[in-house]
There are 2 protein chains.
Amino acid sequence: MDDLKLASKEECNSSLKYVFDALYVLGGKWKLPLILCLMQSPKRFNEIQHEMTGISPKILAQELKDLGQNEFITRNVYATTPVTIIYEATDYSRTLKSVLNELSSWGMQHRERIMRGRVVEEKMD
Amino acid sequence: MDDLKLASKEECNSSLKYVFDALYVLGGKWKLPLILCLMQSPKRFNEIQHEMTGISPKILAQELKDLGQNEFITRNVYATTPVTIIYEATDYSRTLKSVLNELSSWGMQHRERIMRGRVVEEKMD
């Protein structure tokens, strides 16, 4: 029985460790949305900035660099005039599909819950 | 055909919006790990701090307050001497179970990938 308890506690701590590992590379306000945005289609810098409402060009450049270093995206340079630079999600970033699907479903339910809460509050006023 | 394309683009932008919604309340380094930690079992402040390596008491207090306001955890006060305060995950935080499972599995695979990369690098040295 004690063995079982111990195993279960270790398992719990492992999942906590893995969540920390994931957030170490994916944490922050922009990384997961950026990966999702580029999984939907490859894009130029300005197109990405347009979809990420509120991000500054400086932060966007830094975030794209970080994502590149962690092999979530590639930066492809095409020798047009002027040069065209396209950012694209890698196959590795596609391993995040389930995470992003779950997060998006949860976000949808959360939004609905907040909206229902507001309706109830308004009725009570 | 154009209609289909439009629908698909809107769907894409919705999932991006929902991911932003989710990260708005769950973003940052500590919130998801804290929810997971309290989903595993209710805990006192010091116990939580022990599991969250590197968090300062000030930040932990603020994070617990935020999580309480968003109804992810409750703070239960028991009239012992001295008073016992136990933090507990709510049913609402349990709606994050799939998100946390996916994030944890991904973190595990990511760790394995990094470790494999290190082994390859060492062999090449």
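This passage describes how chain A and chain B meet in a predicted model.

The interface was examined from both sides. On one side, 40 residues of chain B take part, and they are in contact with 39 residues of chain A. The area buried between the two chains is about 4000 Å². Carbon and sulfur atoms give 68% of that area.

Charged and polar pairs were then counted. There are 4 salt bridges between chain B and chain A. One of the salt bridges joins the side chains of B:Arg113 and A:Glu71, with a distance of 2.7 Å from N to O. The interface also holds 10 residue pairs in polar contact, with both residues at pLDDT 80 or more.

Three helices of chain B give two or more residues each to the side that touches chain A. These are H1 (2-26), H2 (31-40) and H5 (97-124). H1(B) gives the most, with 13 residues. Sorted by class, this side of chain B has 23 nonpolar, 9 polar and 8 charged residues.

The nonpolar core was considered next. The largest nonpolar core has 60 residues. Within this core, A:Phe72 and B:Phe72 touch the most other members. The surroundings of A:Phe72 were listed without its neighbours within four places in sequence. In chain A, its contacts include A:Val25, A:Leu26, A:Ile35, A:Leu67 and A:Leu96. Among the others are A:Glu88, A:Ala89, A:Thr90, A:Tyr92 and A:Ser93. A:Phe72 is also in contact with B:Trp106, a residue of chain B.

Conventions:
Residues numbered from 1 in each chain as written. Chains lettered and ligands numbered in written order. Predicted model: local features only at pLDDT ≥ 70, side-chain atom pairs only at ≥ 80, totals over all residues. Heavy atoms only, no water. Contact = heavy atoms within 4.5 Å. Buried area = accessible area lost by both parts, 1.4 Å probe. Polar contact = N/O pair within 3.5 Å; in protein donor to acceptor, adjacent residues only side chain to side chain. Helix = DSSP H or I, 4+ residues; strand = E, 2+ residues; numbered from the N terminus. Nonpolar A, V, L, I, M, F, W, Y, C, P; charged D, E, K, R; others polar. Core = buried A, V, L, I, M, F, W, Y, C linked by side-chain atoms within 4.5 Å. Buried < 20%, exposed > 50% of the residue type's maximum accessible area, 1.4 Å probe, protein only.
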